Amino acid sequence: MAVKTTTLAELSAMVGGELTGDPEITVHGLADLALAAPGEIAFLVKAARLEVLKNSRASAFIVPPALNYDAKPLIRVANPYLAAARIQNFFQAKPFAAEGISPKAHIGSNCEIPAEVSIGPFVAIGDRVRLGKRVTLHPGVVIGDNVVIGDDSLLYPNVTVYKSCSIGARVIIHSGTVIGSDGFGFATDEKGSHVKWPHTGTVQIDDDVEIGANVTIDRGTFGRTHIMRGTKMDNLVQVGHNVKIGENALVVAQVGIAGSSSLGNNVVLGGQSALKGHIHLDDGVMVGSKSGVHSNVPKGSIVSGYPAIPHKDWLKASTIFAKLPKLYSELLDMRKKMEKMYKKLFPDEGEE
């Protein structure tokens, strides 16, 4: 396959940038400042790394608006990181090449599978499954009965989608993820034995969602677990039954969301944070890493800590926490001094 090349003028127009330098210079890829070679474009997010840029071998740079450097062409944009992501997507994009259905795959009965698909070996597809155009299922993927998968979706090796779940268009699901497993629901009898509660609901994943590796998204007890459009989920995330995650959420690694919780749009959950069941985080809420959220959080709030409190309060509390050993020592010393002073003031107290 030929290497994709383009001019700086085309890249600048693509990201709405301001170009200084020769617009006809061509580049064939994007790279890190320190690793870039001639013929590649690199990006600088913070002006503090200007010295690294000066030593870079890249042919051109994506930089913040205020940065000046005359030695090489620049594309100035308000958000260099975003512009670099768009340019990287441009260089990495490849036209879909349908590989068809591997003879080693199993396809159930009454399925709707278009000609434009790539289904690898050892894929197992149940009955009445509907796949959209240009769907790619890598080796070892298991699709249960009555599953629907939209156009241009990509499932990496060993993804499992249980029965009756639906996945939208342009969804990416990474290896080892399980969609639609039973939620953790049990009723305990008088002898202490745990009786399983059957989960008869489903999972709905909307368009443009990306789910990391080894994520588990439980099906609803009744109704559905719903991941809405544009949400991005990191590796090793647990989503409980009947959870609803709004549009364009960011869920970082090792987050746990208990059953029937709901998130608004553009919520950000930091790594290893945990949410109690049956609570709601409104639009734009941000939760710091390792936080435990036990109650509803209003729109636009930033919370941290365990239990989670306003982030500014948590910063103050954590500063005090680090000083507790010293404060405790000072308190003991003060107590001893107070006891000595008390004995001097009241020498007869305590005597019979």
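**Salt bridges and strand pairing**

Trainee: How many salt bridges does the structure hold?

Mentor: The structure holds eight salt bridges. A salt bridge is a side-chain nitrogen of Lys or Arg within 4 Å of a carboxyl oxygen of Asp or Glu. This is a predicted model: local features need pLDDT of at least 70, side-chain atom pairs count only at pLDDT 80 or more, and totals for chains, interfaces and linings use all residues. Residues are numbered from 1 along each chain as its sequence is written, and side-chain values use heavy atoms, leaving out hydrogens and water.

Trainee: What does aspartate 152 pair with?

Mentor: Arginine 134, with the closest N and O atoms 2.6 Å apart. The two residues are 18 residues apart. Aspartate 152 is in the loop between β15 (148-149) and β16 (154-155). Strands are DSSP runs (E, at least two residues), numbered from the N terminus.

Trainee: Is aspartate 152 buried or exposed?

Mentor: Partly exposed, at 32% relative accessibility. Buried means under 20% relative accessible area, exposed over 50%, partly exposed in between (1.4 Å probe, protein chains only).

Trainee: And which residue meets aspartate 207?

Mentor: Arginine 170, at 3.9 Å, N to O. Aspartate 207 lies in the loop between β23 (202-205) and β24 (210-211) and arginine 170 in the loop between β18 (166-167) and β19 (172-173), so the pair ties together parts 37 residues apart in sequence.

Trainee: New topic. Which strand does β4 join?

Mentor: Strand β5 (residues 40-43), in parallel, over three bridges. Pairing takes at least two DSSP bridges between two strands. Alanine 31 has alanine 42 as its bridge partner in β5.

Trainee: What stands opposite alanine 42 in β6?

Mentor: Phenylalanine 61. β5 and β6 (residues 60-63) also pair in the parallel sense, over three bridges.

Definitions and conventions
Helices (H or I, at least four residues) and strands (E, at least two) are DSSP runs, numbered from the N terminus.
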